[in-house]
Structures are given as C-alpha cells and as structure tokens.
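Got your viewer open? Load the model below and keep the selection tool handy.

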Amino acid sequence: MGTTGYLGPEGSYSQTAACAIGGALVAYPSFHALVGALVSGRADGVVLPLENSLNGGVMQNLDLLQSAEGIIAVREIILRIDHRLVTLKGAPLSGIRKIYSHPQALGQCAKFIRSRFPHAELIHTSSTSACLGLINSPSDAGIIGMQPVDDRFELSSESIADEPANYTQFLYVVRGGPDPSRHTNKIFLSFTCEHRPGALLGALSVFAGAGVNLTRIESRPIKDRPGEYAFFVETEADYALPEIRQLLRSLADMCLSFKILGCY
C-alpha cells in the first residue's frame, strides 16, 4: 500500500480519512507540505479535504490541485464532522477568552461561538487537533473532533456545529493521470474560458447537451489576470466511456486551459 500522507497532528479528521485508505500513515504540517511530499515521491498518496457541506470549498487545496503537475485524485471519502468544545477539566465556560482551531472548524461552529462566546478571540491552528497543545489555562478552549483526549481535558457533551448534517469530502490523491481503463462515478476538472459574454455558458452547454449532471461548480480568481476566473466542476460521469472522453476533449478545445483533477 505504501505511505499515505495526511494533515497532522494525530487525531485530525484528515487522519481519520487516511485510515480509510490504509498504508503507513505519515503526518505533515500543512497542505502545501502534503502535496510537496506526493510530487517528490516521499508519499505514495495523500488525503486532502476539498469541500465541507457548511463552509464550502477548501480554497487552498483547489489551488494546490490546480497548480501541481502529475497528480490526480482517485478516490472520494466522505466523513461526518462532529465538532466538540474542548477545555481544561473543570474550567468554567464563563471564563473562556480564547478559542483555538482550524479556520474551517471555527467557521462551521460560528453560530455557537457568537451566541456563547461573543467576545472570545478566535485563533487559527493548522488542524483541529493542533489546538490541544495550546490549551494551557482555564480561559483557553478549542474545537476538535469527537476523539479521545487525555485526563487534562474535557469535551462538550454534544456537537457544537451549526448544523447536525455536517460532512467533509476528502480526496485521495496519487501521482499519475486519468486512466481510460478504470470506471469512475465522478470526474473533477478545472478550466478557464475566454473573457467574453457567453463563454462559460458555452462550456457548460457541453455537459448539458450530453445529459451529464454537474454535482458542483465554483470559481477561483486567476492570480495574474484580475477579473478573470478558473472554474472547478465535478460531474457524474464514467471516464472509461469513450463518449465521455470525447466530451472532455470537446470542452478542452473550447477553453483556454483545461485540466482533469480527479477520476473517482
């Protein structure tokens, strides 16, 4: 199976997703380091969170998938997210002044934080589990998953996420490219259009004309071209079908740039 990289430290949701893949699990300190390890060959595969059902896309990882060469997502893992407030054991909630966690977790618990701790300082960490090392006084708190903690800490009895149906889509990414012999349920791709009226409509009409359903679409600014955007699209399609590959070739011919990011 080889090595599977994930965003550490241990106890992160990324580790849970990596466990679903298997192999020798290796933690990395950032998403940039994860993708770098994959491209360089130090990791055989990595798991990247791509979209949360409450907070939307993880923009940094969209950019990394777009910019890195020679990698492709080959599997999707969906995790239910169960966020808990963590404090030192016995710490009064009325005294909480700082809340540590990953920006996605803080965003997914924003209503709870505003209602219970409107004056608390929110401090970003590299992962949810990383906040445990920063909770050192009764005025500190963090947001982590429903995971075991040592005797110094205690977790809230219920999830504090704004919505109970909270899921994150992870992708398992390896070196390589699309495999025409491998059947898939979804294809994830990016493209850019000419900056003119109707260009995006024309690109999307390729899918509509073939009866191919889109499961997501979002845009990201192109850094060196103000006012222009790259579009990220996930479709329900089987890359092994010749007609689907022809559809993708037709789309590529219409676009300024085109890249398949995943077939899973």
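We'll visit some cysteines and then the largest pocket. Keep in mind that this is a predicted model.

**Stop 1: Cys19.** Select Cys19 and show its side chain. Is this residue buried or exposed? Cys19 is exposed, with a relative accessible area of 52%. Now find Cys131, which holds the closest cysteine sulfur to that of Cys19. The gap between the two sulfurs is 19 Å. A disulfide needs sulfur atoms within 2.5 Å, so that is too far for a bond.

**Stop 2: Cys193.** Next, select Cys193, together with Cys255. The sulfur of Cys255 is the nearest cysteine sulfur to Cys193, at 4.8 Å, and Cys193 is in no disulfide. In contrast to the exposed Cys19, Cys193 is buried, with a relative accessible area of 9%. How many disulfides does the count come to? Zero, going by that 2.5 Å cut-off.

**Stop 3: the largest pocket.** Time to look at some empty space. The largest pocket holds about 240 Å³. To light up its lining, select Asp63, Gln66, Ser67, Thr192, Arg220, Pro221, Ile222, Lys223, Arg225, Ala230, Phe232 and Ser257. Color these by class and you'll get an even split: four nonpolar, four polar and four charged residues.

**Stop 4: the elements around it.** Switch to cartoon view. Which elements give two or more residues to this lining? They are helix 3 (59-67), strand 13 (214-221) and strand 14 (229-236). Finish on helix 3, which gives the most to the lining, with three residues.

How values were computed: Residues numbered from 1 in each chain as written. Predicted model: local features only at pLDDT ≥ 70, side-chain atom pairs only at ≥ 80, totals over all residues. Heavy atoms only, no water. Buried < 20%, exposed > 50% of the residue type's maximum accessible area, 1.4 Å probe, protein only. 1 Å grid on protein atoms, 1.4 Å probe; cavity = no way out; pocket = protein on both sides within 12 Å on 5 of 7 lines; lining within 4 Å. Points joined across faces, edges and corners; volume = space filled by probe spheres on them. Helix = DSSP H or I, 4+ residues; strand = E, 2+ residues; numbered from the N terminus. Nonpolar A, V, L, I, M, F, W, Y, C, P; charged D, E, K, R; others polar.
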